[in-house]
Amino acid sequence: MLKQIARSVLRTAMDALWAAELLDGASYLRNRFRIEPRYIVEVGCRYGEDSLLLAASYPQAKLLAFECNPETLSCTRQNVGIVRSIRLMEFALDASEGEVVFYAASQKGNPGASSILEMLPGREGAACLSAVDIVPTMV
């Protein structure tokens, strides 16, 4: 029981730390890049941490967050699912629609790693949307 309480307290502290880091990052982005985008496309959002940072930095923007790696999608859905301005797109994004090959291989210190470059051992296929076709979904 004591271990459960300790884990809960630690998790709450970690959540508070994450929220503070998120707000610091949001301030940095706003001050560094003095832009006010209406739309943001994030390709390869992994667990959605940067999606949350972008949403906090630019609350007026609609964000399309693309991720096709099945190793990360469950966590990504949980992380970004409550933010109305983020739309999770469970697809790859490429020049044309269809299927794309990517390589997924979680590595120590780099969980959820994936790439379109053949440098990781886990070959996967993913449904792919055309970058040109997503523009109408944003307006």
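Which residue in S3 is the bridge partner of Ala65? It's Leu88. Before we go further, a word on what you're looking at: this is a predicted model, where local features need pLDDT of at least 70 and side-chain atom pairs count only at pLDDT 80 or more, while totals for chains, interfaces and linings use all residues. Residues are numbered from 1 along each chain as its sequence is written, and side-chain values use heavy atoms, with hydrogens and water left out.

Let's start with how far to trust it. pLDDT is the predictor's confidence in each residue, on a scale from 0 to 100. Its mean for the protein is 75, with 68% of residues at 70 or more. Among the elements, helix H1 (residues 2-32) has the lowest mean, 53, and S3 has the highest, 95. (Helices here are DSSP runs of H or I with at least four residues, strands are runs of E with at least two, and both are numbered from the N terminus.) Over residues 1-17, pLDDT stays under 50, and the model has 0 contacts for them beyond four places in sequence; a contact means heavy atoms within 4.5 Å. Where pLDDT is low, the predicted coordinates should not be read in detail.

Now for the sheet. It's an open one, built from 3 strands in the order S1-S2-S3, with parallel pairing. Strands S1 (39-43) and S3 (86-89) are the edges, each pairing on one side only. Two strands count as paired if DSSP finds at least two bridges between them; S2 (residues 62-66) and S3 have 4.

Tyr39 sits in strand S1. Its C-alpha is 4.8 Å from that of Lys62, although the two are 23 residues apart in sequence. Tyr39 is partly exposed, because its relative accessible area is 28% (buried means under 20%, exposed over 50%, partly exposed in between, with a 1.4 Å probe and protein chains only).

Then there's helix H3 (residues 70-80). At its start, a side-chain oxygen of Asn69 comes to within 2.9 Å of the backbone nitrogen of Glu71. Which residues of H3 are buried? They are Thr72, Leu73, Thr76 and Val80. Seen down the axis of H3, these fall within an arc of 115°, so they line one face of the helix; the arc is taken from the directions from the helix axis to the C-beta atoms. An α-helix has 3.6 residues a turn, so residues three or four places apart point the same way. What covers the buried residues of H3 includes helix H2 (49-57) and S3. On the other side of H3, Ser74 and Gln78 are exposed.

Conventions: Polar contact = N/O pair within 3.5 Å; in protein donor to acceptor, adjacent residues only side chain to side chain.
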